[in-house]
Amino acid sequence: MAIKTYKSISRDGKRIMTMDEFKQWLKKFDTDNDGRISKEELRNAIYETGGRFARWKSRRAIKSADADGSGFIDENEITNLVDFAEKYLAISVIYI
């Protein structure tokens with residue numbers, strides 16, 4: 001199954017994706033297939049999408065989204081990461 005790439009761009013330049021597309025996009029970077037996103041995996045995701053300051057943003061994203069302090073983003077913390085992505089990664093996630 002191919003991962004769809006940001007078909008829609010909002011007026012403010014944000015890439016629009018559904019929650020399922022966002023999860024699929026993250027899964028693509030889960031290189032160890034443990035179902036969680038590490039700081040390094042998130043850095044690669046940010047870097048690949050052309051994001052600037054990928055190291056800083058990935059560190060800050062983990063810090064703000066990692067509710068249990070494990071150092072990883074798991075399924076239960078995805079909505080926290082969505083909040084971060086909407087503020088700092090120019091991504092808008094729609095819930096359908």
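**Charges, contacts and helices: a Q&A**

Student: Does asparagine 33 count as buried or exposed?

Tutor: Three classes are in play: buried is under 20% relative accessible area, exposed is over 50%, and partly exposed sits in between (1.4 Å probe, protein chains only). Asparagine 33 comes out at 64% relative accessibility, so this residue counts as exposed.

Student: Before we go on, what kind of model is this?

Tutor: Residue numbers start from 1 along each chain as its sequence is written, and side-chain values use heavy atoms, with hydrogens and water left out. Local features need pLDDT of at least 70, side-chain atom pairs count only at pLDDT 80 or more, and totals for chains, interfaces and linings use all residues, since this is a predicted model.

Student: Back to asparagine 33, then: what is its phi?

Tutor: The residue sits in the loop between H1 and E3; helices (H or I, at least four residues) and strands (E, at least two) are DSSP runs, numbered from the N terminus. Asparagine 33 isn't a glycine, yet its phi is positive, near 55°.

Student: Which other non-glycine residue has a positive phi of about 55°?

Tutor: Look in the loop between H4 and strand E5 (91–94). The residue there has a relative accessible area of 33%, so it is partly exposed. With its positive phi of about 55°, that's alanine 90.

Student: What order do the elements run in from the N terminus on?

Tutor: There are 4 helices and 5 strands to place. From the N terminus on, the protein reads β-β-α-β-α-α-β-α-β.

Student: What share of the protein's contacts with a separation of 6 or more joins residues 24 or more positions apart?

Tutor: A contact here is heavy atoms within 4.5 Å. As background, the protein has 96 residues, and 35% of them count as buried. For contacts with a separation of 6 or more, residues 24 or more positions apart account for 48%.

Student: Which elements do the buried residues of H2 pack against?

Tutor: The buried residues in H2 are Glu41, Leu42, Arg43, Ala45 and Ile46. Just for orientation, H2 is followed by glycine 50, with a positive phi near 85°. The packing partners of those buried H2 residues are H1, strand E3 (37–38), H3 and H4.

Student: Which residues does serine 58 contact, leaving aside neighbours within four places in sequence?

Tutor: Serine 58 is placed in helix H3. Its relative accessible area is 0%, so serine 58 is buried. With those neighbours set aside, serine 58 is in contact with Lys39, Leu42, Arg43 and Ile46.

Student: And how far apart are the C-alpha atoms of asparagine 80 and alanine 67?

Tutor: Asparagine 80 belongs to helix H4 (residues 78–88) and is partly exposed, with a relative accessible area of 27%. Not counting residues up to four places away in sequence, asparagine 80 touches Ser64, Ala65 and Ala67. Asparagine 80 and alanine 67 are 13 residues apart along the chain, and their C-alpha atoms are separated by 8.2 Å.

Student: On to charges: how many salt bridges turn up in the whole structure?

Tutor: Side chains of opposite charge can pair when their charged atoms come close. The cut-off for a salt bridge is a side-chain nitrogen of Lys or Arg within 4 Å of a carboxyl oxygen of Asp or Glu. Searching the whole structure on that basis gives 4.

Student: How many residues apart in sequence are the parts tied together by glutamate 48 and lysine 28?

Tutor: These two form a salt bridge, with the closest N and O atoms 3.1 Å apart. Glutamate 48 lies in helix H2 (residues 39–48) and lysine 28 in helix H1 (residues 19–28), so the parts this pair ties together are separated in sequence by 20 residues.

Student: What's the closest N and O separation for glutamate 40 and arginine 43?

Tutor: They are 3 residues apart in helix H2, so about one helical turn separates them. Glutamate 40 is partly exposed, at a relative accessible area of 41%. In their salt bridge, the closest N and O atoms are separated by 3.9 Å.

Student: And which residue pairs with arginine 36 in a salt bridge?

Tutor: Arginine 36 has 30% relative accessibility, so it counts as partly exposed. The closest N and O atoms of the pair are 3.3 Å apart, and the partner is aspartate 34.
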